Amino acid sequence: MKQKESSTDEVVGFSWSLIEQLVSQIVLQINNSGQKYSAVYGLPRGGLIPAVMFSHQLGLPYYDWADLGSRTEPARHHNVLIVDDVIETGKTIKSRFAWSSDLRPFDIATLIDKLQADWIDYYGLRVDLDVWVKFPWESDQSTTLNNDGDPTYPSPPNRSFLNDESGRV
(Lines give C-alpha, C1' and ligand atoms only; values in the text may rest on other atoms or scores of the structure.)
Protein backbone atom coordinates (compact mmCIF):
# COMPACT_ATOMS: atom_id res chain seq x y z
CA MET A 1 0.00 0.00 0.00
CA LYS A 2 1.48 3.34 -0.93
CA GLN A 3 1.48 6.26 1.43
CA LYS A 4 -1.85 8.08 1.65
CA GLU A 5 -1.67 11.08 -0.66
CA SER A 6 -4.22 13.42 0.85
CA SER A 7 -5.97 13.89 4.15
CA THR A 8 -9.20 14.51 2.21
CA ASP A 9 -9.26 11.02 0.69
CA GLU A 10 -12.03 8.80 1.98
CA VAL A 11 -10.61 5.66 3.65
CA VAL A 12 -12.64 2.48 3.22
CA GLY A 13 -11.60 -0.64 5.11
CA PHE A 14 -12.42 -3.93 3.43
CA SER A 15 -13.26 -7.00 5.50
CA TRP A 16 -12.19 -10.55 4.71
CA SER A 17 -15.84 -11.33 4.03
CA LEU A 18 -16.04 -8.62 1.37
CA ILE A 19 -12.78 -9.82 -0.21
CA GLU A 20 -14.18 -13.36 -0.39
CA GLN A 21 -17.37 -12.01 -2.02
CA LEU A 22 -15.36 -10.02 -4.60
CA VAL A 23 -13.22 -13.06 -5.45
CA SER A 24 -16.33 -15.23 -5.84
CA GLN A 25 -17.97 -12.57 -8.01
CA ILE A 26 -14.92 -12.43 -10.31
CA VAL A 27 -14.71 -16.24 -10.46
CA LEU A 28 -18.34 -16.22 -11.62
CA GLN A 29 -17.44 -13.67 -14.33
CA ILE A 30 -14.56 -15.91 -15.44
CA ASN A 31 -16.70 -19.06 -15.48
CA ASN A 32 -19.43 -17.25 -17.44
CA SER A 33 -16.87 -15.99 -19.98
CA GLY A 34 -15.87 -19.53 -20.93
CA GLN A 35 -12.20 -18.51 -20.81
CA LYS A 36 -9.88 -21.25 -19.55
CA TYR A 37 -6.64 -20.44 -17.75
CA SER A 38 -3.60 -22.59 -17.11
CA ALA A 39 -2.34 -20.74 -14.02
CA VAL A 40 -2.84 -17.78 -11.69
CA TYR A 41 -0.18 -15.20 -10.96
CA GLY A 42 -0.33 -12.48 -8.28
CA LEU A 43 1.43 -9.14 -8.56
CA PRO A 44 3.65 -8.58 -5.53
CA ARG A 45 2.53 -7.67 -2.88
CA GLY A 46 -1.14 -6.77 -2.98
CA GLY A 47 -2.10 -9.35 -5.60
CA LEU A 48 -0.52 -12.32 -3.83
CA ILE A 49 -3.32 -13.10 -1.39
CA PRO A 50 -6.19 -12.62 -3.87
CA ALA A 51 -4.27 -14.70 -6.46
CA VAL A 52 -4.03 -17.62 -4.06
CA MET A 53 -7.76 -17.29 -3.39
CA PHE A 54 -8.43 -17.36 -7.17
CA SER A 55 -6.11 -20.34 -7.53
CA HIS A 56 -8.13 -22.32 -5.00
CA GLN A 57 -11.55 -21.34 -6.34
CA LEU A 58 -10.60 -21.96 -9.98
CA GLY A 59 -8.62 -25.14 -9.24
CA LEU A 60 -5.52 -23.74 -10.96
CA PRO A 61 -1.87 -23.72 -9.97
CA TYR A 62 -0.44 -20.53 -8.50
CA TYR A 63 2.93 -19.35 -9.83
CA ASP A 64 5.33 -16.91 -8.26
CA TRP A 65 6.19 -13.89 -10.40
CA ALA A 66 9.80 -15.06 -10.74
CA ASP A 67 8.55 -18.30 -12.33
CA LEU A 68 6.63 -16.59 -15.10
CA GLY A 69 9.33 -15.27 -17.40
CA SER A 70 10.58 -11.95 -18.63
CA ARG A 71 8.91 -8.61 -19.25
CA THR A 72 8.44 -9.31 -22.95
CA GLU A 73 7.53 -12.96 -22.50
CA PRO A 74 5.24 -12.78 -19.48
CA ALA A 75 4.36 -16.40 -19.19
CA ARG A 76 5.79 -19.79 -19.95
CA HIS A 77 2.17 -20.86 -19.70
CA HIS A 78 -0.51 -19.66 -22.07
CA ASN A 79 -3.72 -18.07 -20.84
CA VAL A 80 -2.46 -16.92 -17.46
CA LEU A 81 -4.69 -14.91 -15.13
CA ILE A 82 -2.74 -12.05 -13.53
CA VAL A 83 -4.27 -10.72 -10.30
CA ASP A 84 -3.79 -7.48 -8.36
CA ASP A 85 -5.68 -6.12 -5.39
CA VAL A 86 -6.27 -2.63 -6.80
CA ILE A 87 -5.49 -0.94 -10.12
CA GLU A 88 -5.22 2.82 -9.75
CA THR A 89 -2.94 3.98 -12.58
CA GLY A 90 -1.89 0.76 -14.28
CA LYS A 91 1.75 1.68 -13.64
CA THR A 92 2.55 -1.42 -11.59
CA ILE A 93 1.33 -3.96 -14.13
CA LYS A 94 2.69 -2.04 -17.10
CA SER A 95 6.12 -1.80 -15.46
CA ARG A 96 6.17 -5.59 -15.03
CA PHE A 97 4.67 -6.67 -18.35
CA ALA A 98 4.84 -5.36 -21.89
CA TRP A 99 2.05 -6.15 -24.30
CA SER A 100 0.45 -4.87 -27.44
CA SER A 101 -3.27 -4.30 -27.48
CA ASP A 102 -3.60 -6.91 -30.23
CA LEU A 103 -1.67 -9.70 -28.55
CA ARG A 104 -1.67 -10.43 -24.83
CA PRO A 105 -1.09 -13.98 -23.53
CA PHE A 106 -2.78 -13.21 -20.23
CA ASP A 107 -5.89 -11.63 -18.74
CA ILE A 108 -6.04 -9.25 -15.80
CA ALA A 109 -8.31 -9.44 -12.76
CA THR A 110 -8.42 -6.93 -9.92
CA LEU A 111 -10.53 -6.72 -6.82
CA ILE A 112 -10.77 -2.92 -7.03
CA ASP A 113 -10.71 -1.02 -10.31
CA LYS A 114 -10.03 2.70 -9.99
CA LEU A 115 -8.69 3.16 -13.52
CA GLN A 116 -11.63 1.72 -15.48
CA ALA A 117 -9.36 0.88 -18.41
CA ASP A 118 -10.56 -1.39 -21.19
CA TRP A 119 -7.58 -3.72 -20.67
CA ILE A 120 -8.86 -4.81 -17.25
CA ASP A 121 -10.69 -8.05 -18.02
CA TYR A 122 -12.33 -8.73 -14.65
CA TYR A 123 -12.99 -6.58 -11.61
CA GLY A 124 -14.95 -6.89 -8.42
CA LEU A 125 -15.74 -3.28 -7.62
CA ARG A 126 -15.13 0.11 -9.22
CA VAL A 127 -14.42 3.04 -6.92
CA ASP A 128 -13.40 6.66 -7.39
CA LEU A 129 -9.72 7.57 -7.40
CA ASP A 130 -10.11 9.58 -4.19
CA VAL A 131 -11.32 6.52 -2.23
CA TRP A 132 -8.49 5.02 -0.20
CA VAL A 133 -8.90 1.23 0.08
CA LYS A 134 -7.45 -0.52 3.13
CA PHE A 135 -7.24 -4.29 2.68
CA PRO A 136 -7.33 -6.65 5.69
CA TRP A 137 -3.81 -7.96 4.95
CA GLU A 138 -2.20 -4.50 5.04
CA SER A 139 -0.65 -2.75 7.98
CA ASP A 140 -0.57 1.02 8.33
CA GLN A 141 3.18 0.93 7.61
CA SER A 142 2.90 -1.05 4.35
CA THR A 143 4.37 0.44 1.21
CA THR A 144 5.05 -0.89 -2.27
CA LEU A 145 6.53 2.32 -3.68
CA ASN A 146 10.15 3.40 -3.54
CA ASN A 147 11.24 6.97 -2.75
CA ASP A 148 10.74 8.00 -6.39
CA GLY A 149 7.13 6.85 -6.30
CA ASP A 150 7.86 3.87 -8.54
CA PRO A 151 6.76 0.33 -7.73
CA THR A 152 9.44 -1.95 -6.36
CA TYR A 153 9.70 -5.70 -6.77
CA PRO A 154 11.35 -8.03 -4.31
CA SER A 155 14.23 -10.15 -5.47
CA PRO A 156 13.27 -13.72 -6.20
CA PRO A 157 13.68 -15.82 -3.07
CA ASN A 158 16.90 -17.72 -2.54
CA ARG A 159 15.85 -21.34 -2.70
CA SER A 160 19.33 -22.84 -2.63
CA PHE A 161 18.56 -24.39 0.77
CA LEU A 162 16.26 -26.83 -1.06
CA ASN A 163 19.34 -28.41 -2.62
CA ASP A 164 21.21 -28.66 0.68
CA GLU A 165 22.71 -32.15 0.94
CA SER A 166 23.07 -31.95 4.75
CA GLY A 167 19.50 -33.04 5.34
CA ARG A 168 18.65 -29.78 7.08
CA VAL A 169 15.57 -27.91 5.96
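This is a short walk through a predicted model, from the overall fold to one helix and two residues.

The protein holds three helices and seven strands. Along the sequence, they follow the pattern β-α-β-α-β-β-α-β-β-β. Of the 169 residues, 40% are buried. The protein exposes about 9700 Å², and carbon and sulfur atoms supply 48% of that area. Take the contacts with a separation of 6 or more: residues 24 or more positions apart account for 69% of them.

Start with helix 1. This helix covers residues 16–33. At 1.5 Å a residue, its 18 residues should span 26 Å, and the end C-alpha atoms are 26 Å apart, so expectation and model agree. Buried in helix 1 are Ile19, Leu22, Val23, Ile26, Val27 and Ile30. They cover an arc of only 135° around the axis, and therefore sit on the same side of helix 1. Leu28, Asn31 and Asn32 are on the other side and are exposed. What do the buried residues of helix 1 pack against? Their partners are helix 2 (48–58), strand 4 (80–87), strand 5 and strand 6. Just after helix 1 comes Gly34, with a positive phi of about 80°.

Strand 6 offers a view back to helix 1. Tyr123 lies in this strand. Its relative accessibility is 27%, so Tyr123 counts as partly exposed. Leaving aside neighbours within four places in sequence, Tyr123 touches Gln25, Ile26 and Gln29, and also Thr110, Leu111 and Asp113. Ile26 is one of the buried residues of helix 1. Asp113 is 10 residues from Tyr123 along the chain, and their C-alpha atoms are separated by 6.1 Å.

Now move to the loop between strand 5 (106–113) and strand 6 (122–126), where Lys114 is found. Is Lys114 buried or exposed? Lys114 has a relative accessible area of 6%; the cut-off for buried is under 20%, so this lysine is buried. Beyond its neighbours within four places in sequence, Lys114 is in contact with Val86, Ile87 and Glu88. Its other contacts are Val127, Asp128, Leu129, Val131, Trp132 and Val133.

Which partners meet the polar end of this residue? The side chain of Lys114 makes a polar contact with the side chain of Glu88, at 2.9 Å. A polar atom of the Lys114 side chain also lies 2.4 Å from the backbone oxygen of Val131. Gly90 is 24 residues from Lys114 in sequence, and the two C-alpha atoms are 9.4 Å apart in space.

Key: Residues numbered from 1 in each chain as written. Predicted model: local features only at pLDDT ≥ 70, side-chain atom pairs only at ≥ 80, totals over all residues. Heavy atoms only, no water. Helix = DSSP H or I, 4+ residues; strand = E, 2+ residues; numbered from the N terminus. Buried < 20%, exposed > 50% of the residue type's maximum accessible area, 1.4 Å probe, protein only. Contact = heavy atoms within 4.5 Å. Areas by Shrake-Rupley, 256 points an atom, 1.4 Å probe, with all protein chains shown as cover. Polar contact = N/O pair within 3.5 Å; in protein donor to acceptor, adjacent residues only side chain to side chain. Expected span 1.5 Å × (residues − 1). Arc of directions from axis to C-beta.
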